[in-house]
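User: I am new to this structure and would like a close look at a single part of it. Could you pick one helix and walk me through it and its surroundings?

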Amino acid sequence: MTPPPAAAAAHRLDSTSLPLPEKKSAGRAAPARADRPFRGIALILASTVFLGASDVTAKYLSATLPSIEIAWIRFLVFALIMAPAMVPGSPVFALRSPRPGLQLLRGVALLSSSLFFISGLRFLPIAEASATGFVSPLFVTALSIVFLGESVGLRRWLATAVGLIGVLIILRPGTSAFHPAVFFPLVSALAWACTLIMTRMMSGRERAATTMTYSSIAGVCILSALVPIVWVAPSWHDIMFGIFIGVASTAGQWIVVLAFRYADASVLAPFSYTQLLWASILGFLVFGEVPDIYTVTGAVFIVASGLYTAHRERVRRSQLLVLPAEPSPNA
């Protein structure tokens with residue numbers, strides 16, 4: 001899946017996560033934050049165009065190529081873009097990591113998210129798949145309790161319940177409109193939530209370039225082992241679109257990284273949901289798909305849930321920052 005930027009606050013190592021004050025990164029420090037919200041908003045809006053175009057192109061290719069092959073082309077391009085960071089002695093070398101095992105495991109989760117999402121696109125309208133994929137923050141809420149020891153209040157649980165209601169409205173289980181393929185974007189969202197949790201576990205200790213480099217390596221190695229099983233000879237037309245997917249998705253993710261250097265997640269979250277708008281517009285222009293009332297209504301519930309969760313996260317962080325005994329992370 002092309003990860004929704006609304007969830008990227010946890011994903012980005014240069015985001016607003018509070019690092020442990022007593023520990024400093026042994027490697028190169030992440031670029032300093034700058035409070036320029038309008039620049040961050042402009043960047044997040046630009047990222048949604050790239051990410052939405054990547055998803056729509058993947059759906060277009062799914063008619064002729066297997067999902068594994070589409071994902072392989074995407075991760076191959078991703079790895080080629082990150083290749084300078086893999087060369088020892090390079091000024092951008094980024095493979096030094098205190099937790100390489102966790103980095104690779106995170107890469108596997110990211111690959112799973114992408115692969116399941118592309119598989120769902122073969123059967124589902126792009127707007128429906130994209131809206132369902134935006135439930136990942138709901139999974140993060142639950143997983144953060146188990147793996148991060150976070151406490152979740154009643155209001156955030158209610159927000160999670162609202163998001164789940166939105167999913168049920170879109171999926172309509174038990175009716176003739178229900179399609180088993182809807183489980184693909186749901187599993188994709190769960191895998192993406194696992195990616196976010198592992199990123200939070202490394203937050204403040206790893207550079208974004210390191211995480212992206214390990215993700216590209218894990219993805220291309222695993223898919224290179226799987227793609228011969230399902231190989232279909234692509235045309236030059238398919239190859240060009242596959243390269244576009246890799247370039248667009250990588251560019252979109254880097255733009256998200258830049259956006260979170262200029263503004264907090266709670267500021268950017270409302271604008272990141274424009275990816276749903278782009279997916280709907282492009283889905284209509286390319287495939288003639290018009291989102292039905294259930295998809296639109298369910299998406300409204302999911303977006304409302306995500307926005308409230310982002311608001312509660314901002315409130316929680318504000319409370320943490322004003323505690324008298326809490327030293328400055330930059331001290």
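Analyst: Here is a tour that starts from helix 3 and works outward through the parts around it.

A word on the source before we begin: this is a predicted model. The protein chain holds 13 helices and zero strands, so every element you meet from the N terminus on is an α-helix, by the DSSP runs used to assign them. Of its 331 residues, 51% are buried.

Now to helix 3 itself, which covers residues 67-82. With 16 residues at 1.5 Å each, helix 3 should span 22 Å, and its end C-alpha atoms are indeed 22 Å apart, so the two figures agree. Buried or exposed? Of the 16 residues in helix 3, 13 are buried, so this helix is largely enclosed by the rest of the structure.

What does helix 3 do with those buried positions? The largest nonpolar core has 46 residues, and the members that touch the most others are I70, V135, L223 and L276. Helix 3 gives the most to this core, with nine residues. A second, separate core has ten residues, among them I255, F260, Y262 and L268. As a general point, nonpolar side chains tend to be buried together in soluble globular proteins.

I70 is a good residue to follow out of the core, since it leads to the loop that comes before helix 3. S62 sits in that loop, between helix 2 (37-61) and helix 3. With a relative accessible area of 2%, S62 is buried. Setting aside residues up to four places away in sequence, S62 touches I70, L121 and R122. R122 is 60 residues from S62 along the chain, yet their C-alpha atoms are separated by 5.4 Å. Links across the sequence like this one fit a wider pattern: among contacts between residues at least 6 apart in sequence, 90% join residues at least 24 apart.

L121, one of those partners of S62, brings us to helix 4, which spans residues 100-121. Another residue of helix 4 is Q103. Q103 has 0% relative accessibility and counts as buried. Beyond its neighbours within four places in sequence, Q103 is in contact with S97, M202, E206, T210, T211 and Y214.

Back in the core, L276 opens a second route. Leaving aside neighbours within four places in sequence, L276 contacts S130, A131, F134, A299 and V303. L276 falls within the span of helix 12 (274-287), and A299 and V303 fall within that of helix 13 (293-321).

Helix 12 also has a side that faces outward. A nonpolar surface patch of about 930 Å² is made by V49, F50, Y60, L277, W278, I281, F284, L285, V286 and V290. Helix 2 and helix 12 are the elements that give two or more residues to this patch, and helix 12 gives the most, with six. One residue to look at here is V286, found in helix 12; V286 is partly exposed, with a relative accessible area of 44%. For the surface as a whole, the protein chain exposes about 14,800 Å², and carbon and sulfur atoms supply 72% of it.

Helix 2 has one more link to show you. K59 forms a salt bridge with E289, with 3.6 Å between the closest N and O atoms. K59 lies in helix 2 and E289 in the loop between helix 12 and helix 13, so the pair ties together parts that are 230 residues apart in sequence. Both K59 and E289 are buried. In total, the count comes to one salt bridge.

For comparison, here are two other helices. Helix 6 (residues 136-147) has twelve residues and reaches 16 Å between its end C-alpha atoms, close to the 16 Å expected. The buried residues of helix 6 are S136, P137, L138, V140, T141, L143 and S144. After helix 6 comes G149, with a positive phi near 70°. Helix 7 (residues 154-171) has 18 residues and reaches 26 Å, close to the 26 Å expected. Its buried residues include R156, A159, T160 and G163. Just after helix 7, R172 takes a positive phi of about 50°.

To return to where we started, helix 3 is largely enclosed, with 13 of its 16 residues buried, and S62 in the loop before helix 3 touches I70, one of the residues that touch the most other members of the largest nonpolar core.

Notes: Residues are numbered from 1 along each chain as its sequence is written. This is a predicted model: local features need pLDDT of at least 70, side-chain atom pairs count only at pLDDT 80 or more; totals for chains, interfaces and linings use all residues. Side-chain values use heavy atoms; hydrogens and water are left out. Helices (H or I, at least four residues) and strands (E, at least two) are DSSP runs, numbered from the N terminus. The expected span of a helix is 1.5 Å times one less than its number of residues. Buried means under 20% relative accessible area, exposed over 50%, partly exposed in between (1.4 Å probe, protein chains only). Contact means heavy atoms within 4.5 Å. Accessible areas come from the Shrake-Rupley method with a 1.4 Å probe; for residues, only the protein chains shown count as cover. A salt bridge is a side-chain nitrogen of Lys or Arg within 4 Å of a carboxyl oxygen of Asp or Glu. A nonpolar core is a set of buried Ala, Val, Leu, Ile, Met, Phe, Trp, Tyr and Cys residues joined through side-chain atoms within 4.5 Å. Patches are made of residues with over 30% relative accessible area and no salt bridge: like charges are joined within 9 Å, nonpolar side chains (Val, Leu, Ile, Met, Phe, Trp, Tyr) within 5 Å.
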